[in-house]
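Hi,

Here is the structure I promised to pass along. Have a look at it first, and then read on for my notes.

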Amino acid sequence: MTASAILIQFLNGLSGASSLFLVAAGLSIVFGVTRIVNFAHGSFFMLGLYVAYSLIDRFGHGAAGFWGGVALAAVAVALLGALVEVLLLRRIYAAPELLQLLATFALVLVIQDFTLWAWGPEDLLGPRAPGLSGAVNIAGHQFPQYDLFLIVLGPTVLLALNFLLKRTRWGTLVRAATEDREMAGALGVNQKWLFTTVFALGALLAGAGGAFQIPREPASLYLDLSVIADAFVVVVVGGLGSIPGAFLAALLIAEIKAFCIGIGDVTIADSVISLPKFTLVVEFVVMAVVLVLRPWGLLGRRLTPPRRVGAVERPLALPSRRAVYALAACGAALALLPTLATGYSLILLTDIFVFALFAVSLHFIMGPGGMPSFGHAAYFGLGAYGAGLLLHRGGLPMELALLLGPLVAGVGALAFGWFCVRLSGVYFAMLTLAFAQITWSIAFQWDSMTGGSNGVIGVWPAPWLASRTSYYFLALVTSAGGITLLWRMFYSPFGYALRAGRDSPLRADAIGIDVRRQQWAAFVIAGLFAGVAGALYVFSKGSISPDSLAVPRSIDGLVMVLLGGVQTLTGPVWGAALFTWLQDAAARNVEYWRAVIGLVIIALVLAFPQGLAGFLRDRFAGERHAP
Amino acid sequence: MLEIERLSAAYGLAQVLFDLTLDVRAGEIAVLLGRNGAGKSTCLKTIIGLLRPMSGAIRFAGRRIDGLEPFQIARLGLGYVPEDRRIFSDLTVMQNLEVGRQAAHGRPSEWTPRRLFELFPNLGRMQHRRGARMSGGEQQMLTIARTLMGNPKAILLDEPSEGLAPLVAEQLAKTVLELKREGLSVLLCEQSLYFAQSVADRAFVIEGGHVRYAGTMQALAADVEVRDKYLSV
Ligand SMILES: Nc1ncnc2c1ncn2[C@@H]1O[C@H](COP(=O)(O)OP(=O)(O)O)[C@@H](O)[C@H]1O
Ligand SMILES: [Mg+2]
């Protein structure tokens with residue numbers, strides 16, 4: 001690359017960093033104060049872009065119309081944010097943090113379908129910015145004026161935020177509440193009002209980040225999850241709650257991306273490596289590296305968990321004899337079912353068995369392990385791909401492929417888990433997400449091995465298992481067996497040691513438990529069983545595509561566990577059944593089924609903040625307490 | 001000024017306070033004495049609203065305050081100084097004071113940073129130092145000053161003397177008496193008589209969440225039996 005080309009790529013990076021920084025800064029401020037990881041933050045970005053499109057369309061493409069539209073769009077999104085805080089989040093600040101996550105994820109679903117309804121499925125490209133639509137000559141290259149404007153915008157917003165947080169009373173209160181919200185409250189600070197304004201500011205930044213992108217990228221329905229993933233990465237790399245950190249991280253990632261695109265393909269020892277393709281995962285690689293080297297991010301500090309007086313988690317109850325009989329009866333009823341039911345219900349139940357095992361395997365690390373994985377679908381997918389590829393490329397018989405496929409997931413969990421268990425809380429969650437995204441991109445891009453975006457097709461079971469009924473039995477037996485094994489481990493010495501490590505790592509260390517090793521082992525076991533679910537899944541569908549290990553599948557798993565209730569034993573099974581059934585029924589009967597699911601989840605979260613099974617247990621206290 | 005009647009409170013399933021009854025009169029300093037784990041801090045947390053009571057009533061300045069949010073209680077003029085200080089370590093001394101600031105609403109005395117720096121000269125010399133870089137004694141002064149910025153009518157002080165060097169503790173005792181002269185009522189928590197004796201008018205002794213003794217400070221100081229049974233030396 002010539003010096004001038006390097007300069008241009010550098011400027012490209014700077015302009016790309018601005019919008020990334022705006023979104024990430026909003027996410028970071030909201031998290032810092034409310035400790036809510038707002039999944040819907042990317043949706044606010046998306047709405048900002050769509051609303052700006054419509055407003056500019058209405059106001060006309062003149063300077064007033066354009067800038068007025070952008071500003072109003074950001075304000076509209078801020079108001080929506082305030083509304084969301086008042087109506088939804090305010091009611092669940094005291095709920096377990098993962099349930100809050102679930103609620104914001106439900107918002108993603110609702111906003112996505114609302115956008116689809118209001119603007120339709122087509123991408124919408126907005127106009128250029130009046131007065132900034134041309135290009136300037138920089139070192140012999142044509143560089144867009146609007147990008148120069150964006151280069152200025154980022155640092156301007158950084159300075160403005162810095163002023164707001166460091167020099168105003170509001171900022172002082174926000175920083176106080178970030179550090180110790182309970183103490184701030186005891187000093188007379190009205191947190192409700194403070195949280196609403198913080199959330200509105202966060203939404204404003206996301207909305208503005210979207211609106212300012214109008215001349216650069218089309219409004220599209222895929223933006224919500226892709227933007228939230230990017231914003232998470234930036235926030236985590238920069239250090240949670242650190243605005244300058246977010247700026248630095250946005251810069252770092254945008255520059256690396258710009259140079260990957262600028263450099264193009266490189267040839268090393270006769271093999272061509274396509275750097276532009278690498279941009280799909282580069283931020284996740286950066287995040288993984290940063291988290292391993294600096295676990296609290298570039299400028300972050302160790303998080304102190306928010307103080308909460310009076311919140312004591314109940315020990316997980318040992319199921320009573322009655323509950324065990326009831327479960328066994330359920331299993332027996334399911335085994336008899338094929339004599340009565342046929343066709344579609346067997347397929348749906350097979351799906352439910354697969355996802356019940358998936359959910360229980362995730363619960364194994366989330367519940368007793370206290371490790372909320374945001375990337376558990378990676379192991380589901382690895383199991384599925386493992387089985388599919390062993391059958392196709394390895395030429396193994398189906399039975400053997402089904403048995404050995406999960407080992408691929410186990411090996412993946414062994415490698416990724418080693419890094420992940422070094423972190424905890426949100427950082428752990430983000431690193432698991434990073435590894436899942438890396439796995440996804442390998443499946444997506446390694447055409448010659450995985451079939452790329454088409455995936456592997458024609459993965460059918462052996463003839464004796466090919467009928468619906470026989471596959472139903474296979475799924476039932478495998479899933480029930482796997483779940484029973486996992487549940488037995490909950491109450492084994494290993495399970496107790498795991499919980500000791502979750503509740504008080506220091507004390508567990510002191511009595512000779514190697515907490516990290518235990519967690520690593522749990523991670524591998526969970527990955528292995530997720531792999532079993534994945535291998536079962538691939539033969540029931542006959543194909544596998546990268547979708548099955550993408551972020552939404554991981555989130556599905558979280559939703560199942562949380563719906564059922566993470567502090568219960570059987571909850572994830574009910575959560576998986578309910579969610580799988582709901583998704584199937586809604587998708588077949590309602591056009592806007594995501595919104596329906598989202599609204600149902602919100603209603604459930606508001607009504608049962610302890611999850612479904614938690615609610616039933618509290619109601620009919622049927623389970624005894626473990627010692 | 002502050003009346004607590006048959007107050008019970010619990011953390012989750014574990015009850016910690018049992019039918020506690022005590023009161024602080026206007027302009028006096030009352031002390032809540034008890035060993036570590038007796039329930040003193042829990043009592044203050046319940047008064048300021050950080051913990052919901054199970055039963056009982058709390059009245060402040062003639063008004064029921066149980067069930068209110070902490071910020072509402074604080075705004076009525078009740079200040080809280082927690083035992084672990086809880087300085088905002090990221091903020092400077094001035095900013096810590098700013099967080100505590102509230103309008104005076106015609107309370108007896110109006111506190112400003114300048115007046116507080118007269119009371120705590122040390123703080124005046126480090127206005128722009130961050131909380132994280134202060135010594136334990138300085139932090140203790142700052143928590144009290146921060147609470148005074150809310151212009152309270154009464155304050156709850158949780159073991160203010162803990163971990164302070166004797167000289168600093170002595171200085172603190174003078175400050176507390178100064179506050180009393182300003183018209184503030186004080187509810188103090190302590191484990192031993194050592195600090196309480198020099199400031200308090202009346203005393204309540206609790207053990208296991210039950211009130212075991214109520215009377216004047218003088219009477220308690222003379223009552224060797226109660227002291228030996230319920231208090232640390
Ligand atoms: N956050 C909490 N959760 C559960 N139990 C607590 C908590 N804080 C204190 N306790 C228990 O309540 C009892 C009283 O504690 P505390 O009020 O702090 O006593 P004191 O301040 O008199 O030393 C103790 O047995 C203590 O273990
Ligand atoms: Mg105490």
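Below is what I found, starting with the ligands and then moving on to single residues.

One thing to keep in mind: this is a predicted model.

**Ligand 1**

Which residues surround ligand 1? They are B:Tyr11, B:Val16, B:Arg35, B:Asn36, B:Gly37, B:Ala38, B:Gly39, B:Lys40, B:Ser41 and B:Thr42. Sorted by class, that shell has three nonpolar, five polar and two charged residues. Helix α1 of chain B, residues 40-48, gives the most to the shell, with three residues.

Some of the polar contacts can be spelled out. On the backbone side, a polar atom of B:Gly37 sits 2.6 Å from an oxygen atom of ligand 1. B:Gly39 also takes part through its backbone, with an N or O atom 2.9 Å from an oxygen atom of ligand 1. B:Tyr11 uses its side chain instead: an N or O atom there is 3.4 Å from a nitrogen atom of the ligand. As for coverage, ligand 1 on its own has 550 Å² of accessible area, and the protein covers 63% of that.

**The magnesium ion**

Ligand 2 is a magnesium ion, and its protein donors are B:Ser41 (OG) and B:Glu83 (OE), at 2.1 to 2.6 Å. Where do these two donors, B:Ser41 and B:Glu83, lie in chain B? B:Ser41 is in helix α1, while B:Glu83 is in the loop between β6 (78-81) and α3 (93-100), so the pair ties together parts that are 42 residues apart in sequence. B:Ser41 also belongs to the residues around ligand 1.

Are the donors buried or exposed? B:Ser41 counts as buried because its relative accessibility is 12%, under the 20% cut-off. B:Glu83, at 34%, counts as partly exposed.

**Two arginines to check**

If you look at backbone angles, stop at A:Arg35 and B:Arg86. A:Arg35 is not a glycine, yet it has a positive phi of about 60°. You will find A:Arg35 in the loop between α1 (3-34) and α2 of chain A, and it is buried at 13% relative accessibility. B:Arg86 is not a glycine either, and its phi is positive at about 50°. B:Arg86 is in the loop between β6 and α3 of chain B, which is also where B:Glu83 lies. With a relative accessible area of 7%, B:Arg86 is buried.

**Elsewhere in chain A**

A:Gln100 is part of helix α4, residues 97-119. Its side chain reaches the backbone oxygen of A:Ile92 at 2.9 Å, and A:Gln100 is buried, with a relative accessible area of 3%.

A:Gly42 is in helix α2, residues 41-59. At 0% relative accessibility, A:Gly42 is buried. Its C-alpha atom is 24 Å from that of A:Leu148, and these residues are 106 apart along the chain.

**Cysteines**

How many disulfides does the structure hold? Over all chains there are zero. Two cysteines, for the record: A:Cys330 is partly exposed, with a relative accessible area of 37%, whereas A:Cys420 is buried at 0%.

That's it from me. Shout if anything is unclear.

Cheers

Technical notes:
Residues numbered from 1 in each chain as written. Chains lettered and ligands numbered in written order. Predicted model: local features only at pLDDT ≥ 70, side-chain atom pairs only at ≥ 80, totals over all residues. Heavy atoms only, no water. Disulfide = S-S within 2.5 Å. Buried < 20%, exposed > 50% of the residue type's maximum accessible area, 1.4 Å probe, protein only. Near = heavy atom within 4 Å. Polar contact = N/O pair within 3.5 Å; in protein donor to acceptor, adjacent residues only side chain to side chain. Areas by Shrake-Rupley, 256 points an atom, 1.4 Å probe, with all protein chains shown as cover. Helix = DSSP H or I, 4+ residues; strand = E, 2+ residues; numbered from the N terminus. Nonpolar A, V, L, I, M, F, W, Y, C, P; charged D, E, K, R; others polar. Donors = N, O, S within 2.8 Å, 3.2 Å for Na, K, Ca; no water.
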